[in-house]
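Please read this briefing alongside the sequence and the 3D view. The topics are the surroundings of the ligands and the aromatic pairs.

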Amino acid sequence: MTNNKVVLSWLEEMKALTTPDSIVWIDGSEEQLEALRAEAVSTGEMIKLNQEKLPGCYYHRTAENDVARVEDRTFICTPTKEEAGPVNNWMEPSEMYAKLNALYAGSMKGRTMYVIPYSMGPVGSPFSKIGIELTDSIYVVLNMAIMTRIGKLVLDQLGDSGDFVKCLHAKKDVNPDERYIVHFPQDNTIMSVNSAYGGNVLLGKKCFALRIASYQGMQEGWMAEHMLILGLENPKGEVKYICAAFPSACGKTNLAMLIPPEYLKEKGYKVWTVGDDIAWIRKGKDGRLYAINPEAGFFGVAPGTSVKTNFNALESTKKNTIFTNVAINNDDMTVWWEGLDKNPPENCTEWTGKQVNGKTFEGKLAHPNSRFTAPAVNCPCISSEFENPEGVPISAIVFGGRRAKTAPLVYQARDWNHGVFVGATMASETTAAAAGAVGVVRRDPMAMKPFVGYNMADYFQHWIDMGKTLDADKAPEIFHVNWFRQDDEGNFMWPGFGDNMRVLLWILDRCAGEASARECEIGYIPEKGAIDTTDLDMTPEALEELFEVDKKLWLEDVADQEKYFAQFGDKLPAEIKAELENLKAKLSK
Ligand code: GTP
Ligand code: SPV
Ligand code: MN
């Protein structure tokens with residue numbers, strides 16, 4: 001499929017290392033993918049679902065020890081430890097290569113190696129980058145075919161250039177003790193072994209589009225972020241774009257596909273989805289920031305997705321979708337998960353494969369991190385700009401997380417550097433998206449703690465530096481939101497989901513200099529009445545509670561921020577330090 005010497009010699013090397021029985025080039029044709037689906041069904045790797053109700057849909061179950069990203073086994077192997085920084089696992093590159101080469105040696109014997117050329121971003125866009133993933137998993141091939149642009153057209157675009165990311169994945173025996181997800185930013189190389197789950201093995205996603213790309217962006221003057229991109233259309237038909245960074249399983253897919261409350265829909269407001277997980281951001285010719293979604297599909301959290309919470313995501317999964325680790329209704333071969341409806345299947349295969357009565361089963365029928373892989377084109381609200389190679393202009397950047405206390409529903413940063421500080425001090429309760437404890441508050445700057453491909457302190461500096469290149473009137477305004485504030489009984493105080501639109505409208509009005517706000521210690525919060533409460537089942541007093549800034553709690557948080565920042569030593573940008581001192585002074589008054 002190609003005469004590219006760099007590609008071919010790397011392939012020879014990997015072939016000699018892993019010794020597959022055969023090699024198959026993925027050309028991107030439907031015939032080839034269909035043959036692979038049939039093969040995966042024949043070996044039991046995938047299960048064909050009800051083709052009348054769910055045309056083109058398949059099911060896959062992973063090993064019980066292999067259901068989420070493994071952050072403690074994810075490495076950034078820069079030449080020095082300092083380049084990887086204190087929040088990443090690091091090993092000296094030659095030591096890691098030796099360790100990995102031993103694990104990969106002969107790992108594909110008796111198996112087929114698939115060669116997947118893929119593009120992150122529309123093929124040929126100035127934002128786009130190319131990768132080639134070698135894998136021995138058909139599941140990976142079929143997921144990559146949904147999540148990225150694949151096939152011969154990508155090789156044609158690459159030509160004889162060596163500018164591509166080399167990705168090697170071997171499933172081996174999914175031994176968790178020998179599982180490694182490793183990045184060599186200086187070598188444009190990613191190596192993944194002993195896993196077959198999502199973010200660990202779809203190497204275009206977190207590994208390339210965030211970890212390697214964040215490093216490339218730092219060097220080349222652009223940004224790779226864990227952000228959704230949405231367009232909000234007003235009744236005049238004008239669309240403004242917002243990027244938002246929330247940690248894993250904290251509502252990006254939901255916000256990206258939001259359906260406005262009835263009264264706003266009637267007025268003509270609409271939300272259009274550009275992306276739900278990753279944004280690549282560059283400065284455009286007009287001096288504004290532009291973003292593309294480098295992906296072509298959604299790898300979304302299934303549990304909690306329903307007609308009510310996320311109609312558009314559910315619609316997106318009605319055809320040509322792969323479901324991973326959800327439950328199966330054996331009566332009609334459809335899928336089910338907690339939160340889909342109140343009617344679990346009686347005759348059910350739960351996610352580990354056991355036959356159970358779903359109505360009486362105690363425990364979760366679907367794994368909390370079970371997911372759907374759905375083509376973006378399926379989404380009823382996909383933006384007309386989704387394929388725009390120039391991206392969309394960004395009016396606002398929003399940070400957010402799960403905070404039971406402390407953070408108000410929304411506040412606005414004073415300026416770019418303050419906004420960078422707000423992002424850098426993000427914290428959130430952990431979720432099932434990564435292996436380990438759930439519900440523990442941890443600091444997760446810009447929702448990039450698990451995804452930054454270099455020293456986090458340099459990443460903060462890169463954000464500050466990007467701001468310096470923007471004229472004040474062209475820079476996006478920066479905000480922080482929290483849909484997850486709880487009362488003393490542990491109930492969410494804000495209805496969330498579609499009603500988050502009310503907050504987005506305040507945000508865009510602020511960007512246009514229209515909405516009213518008052519300045520407090522932490523930034524600007526909405527003036528009483530500035531958030532529209534039409535039809536909202538909430539008293540004005542209850543809404544006000546969402547904007548309370550508890551100085552004692554905030555000072556405790558500032559102490560924790562200070563402790564967190566201390567690990568970066570002298571590398572912490574002076575601007576961040578100044579913002580911290582400023583906040584402390586304001587709160588201590
Ligand atoms: P990744 O794909 O892991 O990066 O996550 P994501 O940020 O796209 O997460 P997603 O949108 O799938 O969020 C999943 C969880 O957030 C589900 O449990 C949802 O019910 C919950 N969620 C989303 N939006 C809201 C909201 O506005 N309020 C509340 N209370 N929960 C929400
Ligand atoms: C996340 O965990 O943030 C995801 C899912 O989007 S994964 O692709 O597994 O990383
Ligand atoms: Mn994510």
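How many Å separate an oxygen atom of ligand 2 from a polar side-chain atom of Lys 206? In this predicted model, the two atoms lie 2.5 Å apart. The protein covers 98% of the 280 Å² of accessible area that ligand 2 has on its own. For ligand 1, 89% of 660 Å² is covered by the protein.

**Ligand 2: surroundings**

- Ligand 2 sits in the largest pocket.
- The residues around ligand 2 include Arg 69, Tyr 197, Lys 205, His 226, Ser 248 and Phe 299.
- Arg 371, Ala 433 and Phe 451 are also among the residues around this ligand.
- Sorted by class, the shell of ligand 2 holds five charged, four nonpolar and three polar residues.

**Ligand 2: polar contacts**

- Gly 199 takes part through its backbone, with an N or O atom 3.0 Å from an oxygen atom of ligand 2.
- Asp 277 takes part through its side chain, where an N or O atom is 3.4 Å from an oxygen atom of ligand 2.
- Lys 206 likewise uses its side chain, at the 2.5 Å given above.

**Ligand 1: surroundings**

- Ligand 1 sits in the largest pocket, which is also where ligand 2 sits.
- There are 19 residues around ligand 1, and those that come nearest are Ala 249, Lys 252, Thr 253, Arg 371 and Phe 497.
- Arg 371 therefore appears in the surroundings of both ligands, with an atom within 4 Å of each.
- Helix 9 (residues 252–256) supplies three residues, the largest share of the shell around ligand 1.
- Eight residues of this shell are nonpolar, seven are polar and four are charged.

**Ligand 1: polar contacts**

- A backbone N or O atom of Ala 249 lies 2.7 Å from an oxygen atom of ligand 1.
- For Lys 252, a polar backbone atom is 2.8 Å from an oxygen atom of ligand 1.
- Gly 251 also contributes a backbone N or O atom, at 3.1 Å from an oxygen atom of the ligand.

**Aromatic pairs**

- The whole structure contains 22 aromatic pairs.
- One of them joins Phe 75 and Tyr 180, with ring centres 6.0 Å apart and planes at 45°.
- This pair counts as tilted because its angle is neither under 30 degrees nor over 60.
- Phe 75 belongs to strand 4 (residues 74–76) and Tyr 180 to strand 9 (residues 180–184).
- The two residues are 105 residues apart, and their pair links distant parts of the chain.

How values were computed. Residues numbered from 1 in each chain as written. Chains lettered and ligands numbered in written order. Predicted model: local features only at pLDDT ≥ 70, side-chain atom pairs only at ≥ 80, totals over all residues. Heavy atoms only, no water. Polar contact = N/O pair within 3.5 Å; in protein donor to acceptor, adjacent residues only side chain to side chain. Areas by Shrake-Rupley, 256 points an atom, 1.4 Å probe, with all protein chains shown as cover. 1 Å grid on protein atoms, 1.4 Å probe; cavity = no way out; pocket = protein on both sides within 12 Å on 5 of 7 lines; lining within 4 Å. Sits in = over half its atoms within 2 Å of the grid points. Helix = DSSP H or I, 4+ residues; strand = E, 2+ residues; numbered from the N terminus. Nonpolar A, V, L, I, M, F, W, Y, C, P; charged D, E, K, R; others polar. Phe/Tyr/Trp six-rings, centres within 6.5 Å; stacked < 30°, edge-to-face > 60°.
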